Amino acid sequence: MGVDFLVGMANLMHIQLTLEPELKLLYRINAQSWKDINVDVNHKVESRLKLKFLELELKLLHCVKAHSWKNTEILTANVTRAVETIALLLVTMVMMLPTPSSSCSSSVVSLSQNPKSIRFDSFSRSVSNHMMEVCNCIEPQWPADELLMKYQYISDFFIAVAYFSIPLELIYFVKKSAVFPYRWVLVQFGAFIVLCGATHLINLWTFTTHSRTVALVMTTAKVLTAVVSCATALMLVHIIPDLLSVKTRELFLKNKAAELDREMGLIRTQEETGRHVRMLTHEIRSTLDRHTILKTTLVELGRTLALEECALWMPTRTGLELQLSYTLRQQHPVEYTVPIQLPVINQVFGTSRAVKISPNSPVARLRPVSGKYLLGEVVAVRVPLLHLSNFQINDWPELSTKRYALMVLMLPSDSARQWHVHELELVEVVADQVAVALSHAAILEESMRARDLLMEQNVALDIARREAETAIRARNDFLAVMNHEMRTPMHAIIALSSLLQETELTPEQRLMVETVLKSSSLLATLMNDVLDLSRLEDGSLQLELGTFNLHTLFREVLNLIKPIAVVKKLPITLNLAPDLPEFVVGDEKRLMQIILNIVGNAVKFSKQGCISVTALVTKSDNRAPPDFFVVQTGSHFYLRVKVKDLGAGINPQDIPKLFTKFAQTQSLATRSSGGSGLGLAISKRFVNLMEGNIWIESEGVGKGCTAIFDVKLGISNESKQSGIPKVPANPQHVNFAGLKVLVMDENGVSRMVTKGLLVHLGCEVTTVSSTEECLRVVSHEHRVVFMDVCTPGVENYQIALCIHEKFTKRHQRPLLVALTGNTDKSTKEKCMSFGLDGVLLKPVSLDNMRNVLSDLLEHRVLYEAM
Amino acid sequence: MELAQMQKSLQDYTKSLFLEGVLDSQFLQLQQLQDESNPDFVSQVVTLFFQDSDRILNDLSLSLDQQVVDFKKVDPHVHQLKGSSSSIGAQRVKNACVVFRSFCEQQNVEACHRCLQQVKQEYYLVKNRLETLFKLEQQIVASGGMIPAMELGF
């Protein structure tokens, strides 16, 4: 049915197409010539024709729209009828024409008879030809239509040209440009335009009557144009958004590029800054010298930041001002100072960041303003300084941040340069680095100073030590020499006095000699003590305990003092408590020395008045100094001695000084009486050794004073008196008859002398000259062995050990005594350690030997001997 | 010469020796030891001293004249001499020995030489004086007198 429809459509269209010119012709005729003929009829015919035609057209359209074949049939019928009508009309027209042609009339006649059989096209043709032959009156209307046509013609032509040239231009320019993403779009578009142009071009031929081919071509062109334009339109729907998006993407990329450029710029500047900082740091930290650090900082900063001027203000010693210490450009900066309390300075010191300050502030005006109108911007930053003094660590954090230096940086004038953020950061970093480097330098300086100080101290200490050593050595030498030099005369005196005692004397002479002996032995003791003061101070002095008569002691002391007292007319009284034991154990010699010293002082410092000496037994703690407790043990007691005088007296303030060595009170009275100032010191030492205490009480100058001391003594059961070999009160004729002794001495002379001594005393002496001989000869018969240990070497001492080994039982072993040239502590210790029973100092006096022997035999041990 | 005069001159001479310091109290001790049972004690001791000292001084001279002085040998000799002289009471000899010893410790050859000279000097002096003393004593004894006891006042 579709094919039929299409065929029907084609027929219709054909008819329409064929009709059209006829209709047009009719119109023309109508328009041109029918007026003359019959207006009414023309009108009627025209209107009827028009109506019919419109009807036809409408129906045709409907048919086309509805695709209805049936209606088309009807329409065809209508069309045929219309044609019939038209033919009739045409006939009528022809008849009415003034001179109808024969052919025409014949055709018309035939048509009126059988309208359906006619072939319309030939008919119409003939009619039209006729018309054209006949109607010459058509021509005068032609130029007016022709003008319009001509314009249309020309316009169409130009449109075509334009339509053809546009694609060419497009192609040309696209070929030129490198980038065009949508070439096929262009092709499409070109095709579209070309076809449009072609259409318009072909239109040019259709103004006049044209053949079917032209119509066909026209149709084809139109169809193609339609297709392409639709396709293009559809394509553009897709493409235009893409193109738009390209545009937006382009914009986006541009933005991105701009952003990246910015970031690149930022990174580059940062990297630059970093590089500068590294370089600066390296320069600054490569030295530990403060000046180099600061100078380098300024130079490098000036170079990096292209500064006009760079200056450093350091705080002065007082801390109240800032002084211009270093500048970059000026070689010898004038000594500017500014007070530290300026507001601008406080502002800068208050923050660790770099602060922009006014170029007119005092810290920035380094040179006289030379008429520059625009001073460069100025920035100031604080540099913390480490303030060290002897490495005070306690308040380290506070100390280290209190002092700042000020660094001022000036941009070049008239350059309109501004301080950028990264430059400020650079400055801050540099300031920090400088601070660190400066603190390192400060620490280094401080440690160098401390080291120098220590070295100096070391040197001084060394010198002092050497001096002290020299002094000690000198003292020891002196003591050693004097030791011997002083003893020698004393020996002579004692020896000779003792010798004298043994001769025939009158009683008075005897008394005198005895006194001489006593005094000299006392003197010898005193000398010993003075010379042995070092031993006292070492604490190595030991008391020589022995039993003695206390009462007698006191009386002797008084006897000694009495002469002087009598001369000064000072009565002395002695009060001994009734419960005072008679025989006591203690160091008689030293106790006598103490009492003698105190009583002697009393006598010395009194011009008048009585001196009383009281001795009693202390039971309880009355008036003793608080740190001293008196305890009475079984066999011991504390003796208290009080010596009271009414003499010069002592200022209570001076009392503590009394017991110091060599110290004396300043009064004239004491000065004139002389004295070494040692007495009380020595007495105090002895009292301390005796586990006692000594003190002085005085009410004041001119009111006299009382000296009191307590000492611990042992109570003795023995009543006999044994002689301690320093104060030989009575010469003892102890008989050593037949005492077998052995003398060992390498030195022949000494051997002989010692032998002579012992022989004189009545001993039976065997002499040997070597240790081997000694060992060979020694036997249990020998009671004492004297061995010379002068020669350096330990062999002599070894023999003591050998003898010990030889004689296991103590009572069989002979007593061993060493004869030596010096009796210092080390020698004695050595002897003790080797098991010797005693030590004798060579050369030995007769009495000495005698006493030693008796002592030895009695006690079997000898403490000490001269 | 009269006995008393001889005794007096002996006393003076002895005193002078003590005063000069040539002898010290030890000599007195020695004299003390001399008694009836031991009449020649002093001279015996002194003779022995002279013998000993001569020997020692010779040894010392030899030792010190060596190319390389062995102080370990020198020191004991000096020590011996010191001991002997102090036993006798020859004070100055003994003192010289003390000095000698200290230089020995320092190993100072030059000084030791000087000390040796000094010691010799002192020794010959004391020897001389003692010999004179003994001569005087002998004279007194020969004249039948007693050698007086020493009175000394320092």
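Visitor: In helix H9 (residues 212-285) of chain A, what separates Glu272(A) and Arg275(A)?

Guide: An α-helix has 3.6 residues a turn, so residues three or four places apart point the same way. In this structure, which is a predicted model, Glu272(A) and Arg275(A) are 3 residues apart in H9 of chain A, and therefore about one helical turn lies between them. Their side chains meet in a salt bridge, with 2.7 Å from N to O. Glu272(A) is partly exposed, its relative accessible area being 33%, and Arg275(A) is also partly exposed, at 39%.

Visitor: Where in chain A do Glu764(A) and Lys740(A) lie, and what does the pair tie together?

Guide: A useful habit is to look at the elements that hold the two partners. The side chains of Glu764(A) and Lys740(A) form a salt bridge of 3.9 Å, N to O. Glu764(A) belongs to strand S15 (residues 764-768) of chain A and Lys740(A) to strand S14 (residues 740-744) of chain A, so this pair ties together parts that are 24 residues apart in sequence. Glu764(A) is partly exposed at 44% relative accessibility, and Lys740(A) is likewise partly exposed, with a relative accessible area of 27%.

Visitor: Are Arg101(B) and Asp75(B) buried or exposed?

Guide: Both Arg101(B) and Asp75(B) are buried, and their side chains meet in a salt bridge at 3.3 Å, N to O. This pair links distant parts of the chain, since Arg101(B) sits in helix H5 (residues 91-106) of chain B, whereas Asp75(B) sits in helix H4 (residues 71-88) of chain B, 26 residues apart. Salt bridges can also join into a network, as they do for Asp462(A), Arg465(A), Arg466(A), Glu469(A) and Arg473(A). Over all chains, a search of the whole structure finds 23 salt bridges.

Visitor: Which side chain of opposite charge is nearest to Arg382(A), and how many Å away is it?

Guide: For a charged residue that is buried, it is worth checking both charged and polar partners. Arg382(A), in strand S5 (residues 378-385) of chain A, is buried yet has no salt bridge, and the nearest side chain of opposite charge, that of Asp432(A), is 7.1 Å away. A salt bridge needs the nitrogen and the carboxyl oxygen within 4 Å. There are polar partners, however: a polar atom of the Arg382(A) side chain lies 2.7 Å from the backbone oxygen of Phe349(A), and the side chain also makes a polar contact of 3.1 Å with the side chain of Tyr404(A). Leaving aside residues up to four places away in sequence, the residues that Arg382(A) touches include Val348(A), Gly350(A), Ala405(A) and Ala431(A).

Visitor: Which residues of H1(B) are buried?

Guide: They are Met6(B), Leu10(B), Tyr13(B), Thr14(B), Leu17(B) and Phe18(B). Seen down the axis of H1(B), these buried residues fall within an arc of 135°, so they line one face of the helix. They pack against helix H2 (25-33) and helix H6 (109-142) of chain B, while Gln5(B) and Leu19(B), on the other side of H1(B), are exposed.

Visitor: What span should the 18 residues of helix H1 of chain B have, and how many Å apart are its end C-alpha atoms?

Guide: One compares the expected span with the distance between the ends. At 1.5 Å a residue, H1 (residues 3-20) of chain B should span 26 Å, and its end C-alpha atoms are 25 Å apart, which agrees. Just after H1(B), Gly21(B) takes a positive phi of about 85°.

Technical notes. Residues are numbered from 1 along each chain as its sequence is written. Chains are lettered from A and ligands numbered from 1 in the order in which they are written. This is a predicted model: local features need pLDDT of at least 70, side-chain atom pairs count only at pLDDT 80 or more; totals for chains, interfaces and linings use all residues. Side-chain values use heavy atoms; hydrogens and water are left out. Helices (H or I, at least four residues) and strands (E, at least two) are DSSP runs, numbered from the N terminus. The expected span of a helix is 1.5 Å times one less than its number of residues. Buried means under 20% relative accessible area, exposed over 50%, partly exposed in between (1.4 Å probe, protein chains only). The arc is that of the directions from the helix axis to the C-beta atoms. Contact means heavy atoms within 4.5 Å. Lys and Arg count as positive and Asp and Glu as negative; His and the chain ends are not counted. A polar contact is a pair of N or O atoms within 3.5 Å; within protein, one must be able to donate a hydrogen and the other to accept it, and residues adjacent in sequence count only if both atoms are side-chain atoms.
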